[in-house]
Amino acid sequence: MQEESKRIVVKIGSSSLTSTQGELSRRKLEKLIHEVVLLKDEGYEVLLVSSGAVAAGYRRLGFLSRPESLPERQAAASVGQGLLMETYSELFVSHGYVASQILLTRSDLAHEERYNNARNTINVLLERGIIPIVNENDSVTTDELKFGDNDTLSAKVAALVDADQLIVLSDVDGLYNGNPATTPDAELIEEVYHITEDIVKVAGGSGSKVGTGGMKSKIDAFKIAMAAGVSSFLGRSTTANIIYDAVHARAIGTYFIANTEVENLDKKQQWIAFNSGPEGNIVLKRDRVQDIVNGLAGIAPDDIDEISGHFEGKAVVRVLDHKGVELGLGVVNYASVMLKQWDAVDPGLKTGEELAINVDQFVSHHFHNITVK
Ligand SMILES: Nc1ncnc2c1ncn2[C@@H]1O[C@H](COP(=O)(O)OP(=O)(O)O)[C@@H](O)[C@H]1O
Ligand SMILES: N[C@@H](CCC(=O)OP(=O)(O)O)C(=O)O
């Protein structure tokens, strides 16, 4: 038994849970659950981010293939999510473990209070030995409010709970230097330390009928995990002992290694960067851009050239340069009305040191290489 519990988040994609006909495969689930049980027996805390609600449900609604329209997919997810949880619960109970369901929407994490609340709930579950099974709340989310895919969701959840490792399982052995579905001689990349433009370029779309994000969304997800200091692994779900071996650093696949020595985003900055919904824009004066992007200074009201949108104090805003290029996101200390009339604020009330955005409440894309949503 380890002294301190390590926390592992495992993302299981639709293609890893379904048969070639597209239905939920009990055999595939049994294999993966067996490996999770091995980790639990060794004292690990394990959280699953599981897709499969739509795949498990659509045939029961009479569709022959995965439906296209949003209400049809949502109806399929409504049937399938129950079936999925029933199967997980039954299988974990047979090994003496308890599973729980957490359904999230993007707006749950966009509100700081709900974000902290989700975190506290999951922490209690993990500390009490439960295996939380997270999915997007597909039946109620609209396209605009979706995480988009469970790859992104899994990275956000891994960051939320301060996981030690994120394991993403798919129908490929890892990241190749070309899409293996169309480039047969593509080679496996075993380790990634930085997600460079070259890495982004080799990642293509989905190769299966049930998968949604393809490699592109996985790379976006690994960027988020790495910025939060979470190392990740990508491998094939059908490989024997893949989860167990990935945790013990001996699996075939791609390891995305986070540099925990460089300063990582703290919880508040992670929330700003990955989950908040910006409510307005602030355009910086040209000569202030460099210091602010380099983290050398906060943003003073006088550094701002232009403000758009209507927001209150504590809102998250996009910070743009003079050409309109997004530099990052920050939390404002004052409402837009006040910032727009800053010169008219009684000078007697100012110390001259007021900041529109504090230095630690601004997250620069330049350093963290992140895409929000
Ligand atoms: N560079 C690449 N390396 C590996 N797979 C890639 C790459 N580019 C595109 N892909 C495709 O991404 C697919 C995995 O994503 P996806 O179909 O969404 O699966 P999942 O359901 O597991 O999320 C692979 O089967 C492959 O066809
Ligand atoms: N939330 C959806 C899955 C969406 C999704 O991202 O699927 P996948 O690309 O297979 O991980 C479901 O449960 O069907």
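Two residues are in contact if their C-beta atoms, placed from the backbone, lie within 7 Å. With that in hand, here are some views of this predicted model.

**View 1. The whole protein, a predicted model with 14 helices and 13 strands.** Contacts with a separation of 6 or more are a good place to start: residues 24 or more positions apart account for 73% of them in the protein. The radius of gyration is 22 Å, close to the 21 Å from the globule rule for 373 residues, so the protein is as compact as a globular protein of that length. Along its principal axes, the C-alpha trace spans about 70 × 45 × 40 Å. Of the 373 residues, 41% are buried.

**View 2. An open sheet of eight strands.** Reading across the sheet, you meet the strands in the order β3-β4-β2-β1-β5-β7-β8-β6, and the pairing is mixed. At the edges stand β3 (99-104) and β6 (191-192); each has a single partner strand, so one side of each is left without a neighbour in the sheet. As a reminder, strands of a sheet pair through backbone hydrogen bonds, either parallel or antiparallel.

**View 3. Strands β5 and β7, side by side in the sheet.** Here β5 (residues 165-170) and β7 (residues 231-236) run parallel, joined by six bridges. Look for S170, which has R236 of β7 opposite.

**View 4. Helix α7 packed with helix α9.** The axes of α7 (residues 150-160) and α9 (residues 214-227) are 8 Å apart, and the helices pack at an angle of about 10°. Angles under 35 degrees count as roughly parallel, so α7 is roughly parallel to α9. On the α7 side, the contact is made by D151, T152, S154, A155, K156, A158 and A159. Helix α9 brings S217, K218, D220, A221, F222, I224 and A225 to the contact. Sorted by class, the contact has seven nonpolar, three polar and four charged residues.

**View 5. G204, in the loop between α8 and α9.** Helix α8 covers residues 197-202. Is G204 buried, exposed or partly exposed? A residue is buried with 20 or more other C-beta atoms within 10 Å of its own and exposed with 12 or fewer; G204 has 16, so G204 is partly exposed. Setting aside neighbours within four places in sequence, G204 is in contact with N179, G214, M215 and K216. For a longer look across the model, find N281: this residue is 77 residues from G204 along the chain, and the two C-alpha atoms are separated by 32 Å.

Methods: Residues numbered from 1 in each chain as written. Chains lettered and ligands numbered in written order. Predicted model: local features only at pLDDT ≥ 70, side-chain atom pairs only at ≥ 80, totals over all residues. Helix = DSSP H or I, 4+ residues; strand = E, 2+ residues; numbered from the N terminus. Rg over C-alpha atoms; globule rule 2.2 N^0.38 Å. Pairing = 2+ DSSP bridges. Axes fitted to C-alpha atoms, helices over the stretch in contact; angles between N-to-C directions. Parallel < 35°, antiparallel > 145°, perpendicular 65-115°, else oblique. Nonpolar A, V, L, I, M, F, W, Y, C, P; charged D, E, K, R; others polar.
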